[in-house]
Amino acid sequence: MAVEGDDVEEEEVSGPRHHHPPPERPEVKIKRAIIKFGDSDDPTPVDELSKAAEYLRDKLPADASAVAQGFKTGICEEPHKIPYYATLLAIVSSGTLQEDSSASGAANLTRPVLEDLFKAFQSSLDALAWRDIRFFTLFFAHLTNLGMINTASVIALLQSYAAVLDEPGVSQSRATNASRCIGEGLIRAGSVLNSSHNTAVVDLVTAIRTYHDSISDATRALFHPIPSLVLSSTPAQAEKAHELLGSLIASLDLLAQDNWALPICIPQPETESSVIPQILRLALEDRMDVPSVLVPPEVEGEEKVGPEETGIEWWIRIYDEELTPSPATPLGYTLRTLFIDMINIYEVNRKEGARILMEVHRWLSLGTFRPEGDREATGIILQNCLIEAVLSQLFHLPRSTLKLMYHAALINELCKLSPQTVGPAVGKSFRKMYSLLSNPDPVEDGAAGLDARLAHLFAEWFALHMSNFGFAWVWKEWVPDLELPEYHPKRGLMRRVIDHEIRLAYYDRIVKTLPGPMVEPDAGVVPAQAPGPVYAYENPDHPHYQEAAELLTMIKDRAKADEVAAHCLKLPRSVPIQHMVMQSLLHVGSRSFSHFLNAVERYLSLLRGESGSGSLRGEKNAEKARPILCAAGEYWANNQQMIGIVFDKLMQYQIIDPSDVIEYAFESGIKEGETPDLSSERWLLVQAALNKANGRVVGAKRKVVTLNKDEEERRARAIANAGGIGMDVDVDAQPAEPDMPTSQSLVSAQKALETLTKEQKKVFQSAITGFINALTKAGVPALAPVGTWGRAEWSAWETWCWYRQFCRAVSSTHTCIPFTLLIVWLY
């Protein structure tokens with residue numbers, strides 16, 4: 001409050017100032033108008049074409065760069081609009097010709113726009129951004145249909161992709177991406193290209209087929225979601241999943257038989273009665289050419305190979321063809337690839353992505369999907385197609401294309417937007433995946449059921465989805481399967497689902513949602529008590545209770561590490577010191593994750609000494625590390641998630657080696673006389689150890705590369721300071737390069753890389769040895785009806801599945817090891 005006589009601020013007298021945002025720049029407004037094209041409340045995007053074309057004519061040629069940038073963004077980020085963007089550009093061009101009959105064809109307002117788009121395409125090509133390359137190719141194909149681009153230049157573009165398939169040693173991801181650019185370009189422009197270049201079109205399809213046939217059956221079968229015990233694809237597998245390239249080739253064959261008619265889902269705005277008068281066909285001499293290009297070669301470290309770029313991709317069939325089209329048809333392939341692209345693009349905004357996916361029917365041909373709410377209508381259903389597309393990326397091998405959380409959250413958003421249509425689709429997918437867990441028919445081809453990796457992923461997704469809907473599921477549907485043997489995959493799935501649900505909520509909450517038969521102790525579905533720690537020295541009757549109590553007291557009182565080490569040296573030899581130290585630290589740190597980390601960091605030297613990793617020679621004693629791992633495994637025996645967390649931190653602090661974890665995973669829990677196997681919980685330990693070793697090598701390589709660049713710059717500066725190499729200096733008279741020793745940091749980094757590479761090889765060898773020992777002792781399950789399989793057969797089957805996952809994962813990091821060799825090692 002102001003006191004009389006005080007100076008009053010101007011703002012206090014006149015009130016608060018309103019800060020308005022700066023006006024939008026013209027080029028930004030133009031780009032936004034193009035990107036937002038068709039997003040209004042008009043019934044269809046066709047209704048906006050005339051208005052948008054008139055707006056762009058007013059902005060050209062002055063703002064050609066902004067217009068091109070808007071089209072580039074729309075093409076690469078909104079693939080569902082590509083046919084309309086091509087039509088819009090054709091209308092803009094035709095409008096100019098109608099107004100000025102002397103205009104020289106394409107040499108009108110749209111020429112600079114197309115030239116800038118060609119430059120943007122070349123930039124994507126130089127960066128090997130394959131998705132953008134493919135989208136530009138589709139855009140050019142639609143422009144070819146509209147008579148704006150010469151067919152010969154598009155054929156030459158597709159042939160440049162075909163040249164990639166003939167490269168010696170071409171990677172599967174690169175070849176698959178090139179094949180998709182060819183095939184999807186032909187799907188859009190096959191009719192016009194075939195009419196003038198029939199032989200070239202046939203040769204392009206043949207090139208894709210030849211490459212596909214060159215991939216061995218064993219390599220393709222390695223990624224199949226319904227694995228077989230044989231090294232080739234089987235009829236039973238073919239009915240339940242479709243391969244990406246195989247589906248593309250089948251679609252192209254069907255289109256060729258139908259004179260390359262466009263798939264019914266691809267819109268043709270140019271054929272609408274309101275649009276036909278607005279488009280004029282250019283003369284052949286006025287059409288533009290796509291510039292001649294060469295696909296840059298692969299350079300290690302530059303062309304990104306992500307999980308979605310393995311080169312071999314299988315899509316599980318979730319629904320019948322009455323609900324979703326087969327991917328091996330032009331309609332099914334086109335819709336599936338479009339939805340997958342949109343799903344991957346909108347990872348940054350799942351809510352916006354879900355909204356656009358639910359409205360995508362506006363951008364496709366009328367009649368593509370069954371009308372919503374019409375019970376008498378027939379045809380495919382949009383919501384089922386969307387869910388099947390999301391799940392094809394979630395259940396992707398060797399790992400999901402994006403994080404599980406994104407796929408689950410996207411499905412959740414779709415359910416919120418249309419619970420009455422998406423909910424039933426999700427329920428059907430649950431039941432289908434559950435039915436795929438085991439094959440009730442005789443296993444004549446060795447396909448016993450769903451891959452263990454996908455079964456594990458299904459359990460995670462199921463539990464996560466249920467957590468968004470109060471964990472409400474029709475559990476009674478699963479009650480009859482409680483009669484199956486305890487080791488059956490369906491029983492195993494029940495246990496894993498409940499375990500994940502307890503992690504997402506709490507024990508008592510989940511128990512209340514289950515029917516009585518599933519809660520019974522004999523059912524083996526729900527643990528007898530909430531997951532918690534098991535301290536081995538809790539009972540006073542334990543023979544080492546007193547020694548453990550004294551050690552635990554010292555750790556609780558935060559005694560110094562050397563004092564605790566000295567105390568341990570005084571204990572009798574009969575006392576398991578490593579086991580006791582680890583259990584005591586875990587017991588002190590069991591209150592929270594931060595408590596555990598604080599305890600480990602305080603007694604890091606003690607742990608390293610007890611695990612045999614603190615020797616002066618730097619050599620670790622595996623025999624000493626084993627009790628540390630066993631102590632942690634026993635302490636968190638009721639909580640497998642915590643075992644993985646503890647092991648990860650022990651590896652991070654270099655208390656144990658990744659190879660120690662792998663050996664523990666294969667040997668722990670195996671009683672005398674039992675056949676060794678690998679459960680999904682212990683596979684996660686193997687996977688974490690492999691990732692840790694690989695991650696260390698990758699980090700060390702990056703450091704060496706960075707230091708090498710610094711070293712080169714340092715040498716260049718030294719040469720320049722010493723007189724350098726001038727343009728006018730005689731070569732014979734140039735000063736010699738100064739003798740400079742390699743920096744100590746680079747030498748140290750190179751030695752560290754060498755050491756970590758040896759450790760990586762050791763980890764890899766440990767995993768191979770563990771799998772071979774387990775599988776040779778267990779044997780490959782006999783090709784007999786699954787109903788007759790016992791514990792030994794199902795355990796061997798699960799171990800075999802995890803070995804396949806190991807082969808898939810390792811092949812992406814050890815490219816020198818062929819897929820087939822990894823499999824043949826077992827035969």
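On helix 24, D562 and L569 are exposed. They sit on the other side of the helix from a buried group, so turn the model until you can look along this element and compare its two faces. Keep in mind as you look that this is a predicted model. Which residues of helix 24, spanning residues 561-569, are buried? They are A561, V564, H567 and C568. These buried residues cover an arc of only 125° around the axis, which puts them on the same side of helix 24. What lies over that buried side? The cover includes helix 23 (545-556) and helix 25 (577-588), together with helix 26 (593-602) and helix 27 (604-610).

Now zoom out to the whole chain. You will find 34 helices and two strands in it. The chain has 827 residues, and 53% of them count as buried. Take the contacts between residues with a separation of 6 or more: 76% of these are made by residues 24 or more positions apart.

A single residue can show you what such a contact looks like. Find G147, in the loop between helix 7 (130-145) and helix 8 (151-165). Is G147 buried or exposed? Its relative accessible area is 0%, so G147 is buried. Leaving aside residues up to four places away in sequence, G147 touches R281, L282 and R287. Look at R287 in particular: G147 and R287 are 140 residues apart along the chain, yet their C-alpha atoms are separated by 7.1 Å.

Next, let us look for empty space inside the model. How many cavities of 30 Å³ or more are there? The count comes to seven. The largest cavity has a volume of about 170 Å³. It is lined by 19 residues, and those closest to its centre are P79, P83, R188, T334 and L338. Several elements give two or more residues to this lining, namely helix 5 (82-99), helix 7, helix 9 (172-196) and helix 14 (330-345). Helix 14 gives the most, with five residues. By chemical character, the lining of the largest cavity divides into 11 nonpolar, four polar and four charged residues.

Where does the largest cavity lie with respect to the domains? Domain 1 (26-214 + 238-276) gives residues to its lining, and so does domain 2 (319-469), so the cavity lies between the two.

Helix 14 comes up again when you move to the second largest cavity, where four residues from this helix make up the largest share of the lining. The space in this cavity is about 50 Å³. Its lining is formed by T324, P325, G332, L335, R336, F339, C385 and E388. Besides helix 14, helix 16 (382-394) also supplies at least two of the lining residues. Here the lining divides into four nonpolar, two polar and two charged residues.

To finish, here are some details of the backbone. A cis peptide bond joins L60 and P61, with omega about 5°. You can find P61 in the loop between helix 3 (49-59) and helix 4 (64-77). Another cis peptide bond joins L397 and P398, and its omega is about 10°. P398 lies in the loop between helix 16 and helix 17 (404-417), and helix 16 is the element you met at the second largest cavity.

Phi angles are worth a look as well. N259 is not a glycine, but its phi is positive, at about 55°. This residue is found in the loop between helix 13 (244-257) and strand 2 (314-316). F471 is another residue other than glycine with a positive phi, near 55°. F471 lies in the loop between helix 19 (452-467) and helix 20 (489-504). Which of the words buried and exposed fits each of these residues? N259 has 64% relative accessibility, and because exposed means over 50%, N259 counts as exposed. F471 has a relative accessible area of 3%, and because buried means under 20%, F471 is buried.

Technical notes. Residues are numbered from 1 along each chain as its sequence is written. This is a predicted model: local features need pLDDT of at least 70, side-chain atom pairs count only at pLDDT 80 or more; totals for chains, interfaces and linings use all residues. Side-chain values use heavy atoms; hydrogens and water are left out. Buried means under 20% relative accessible area, exposed over 50%, partly exposed in between (1.4 Å probe, protein chains only). Contact means heavy atoms within 4.5 Å. On a 1 Å grid over the protein atoms alone, a cavity is a set of points where a 1.4 Å probe fits but cannot get out, and a pocket is an open set with protein on both sides within 12 Å along at least five of seven lines; lining residues have an atom within 4 Å of a point. Grid points are joined across faces, edges and corners, and a volume is the space filled by probe spheres set on the points. Ala, Val, Leu, Ile, Met, Phe, Trp, Tyr, Cys and Pro count as nonpolar, Asp, Glu, Lys and Arg as charged, and the others, Gly among them, as polar. Domain bounds come from an automatic or database domain assignment. The arc is that of the directions from the helix axis to the C-beta atoms.
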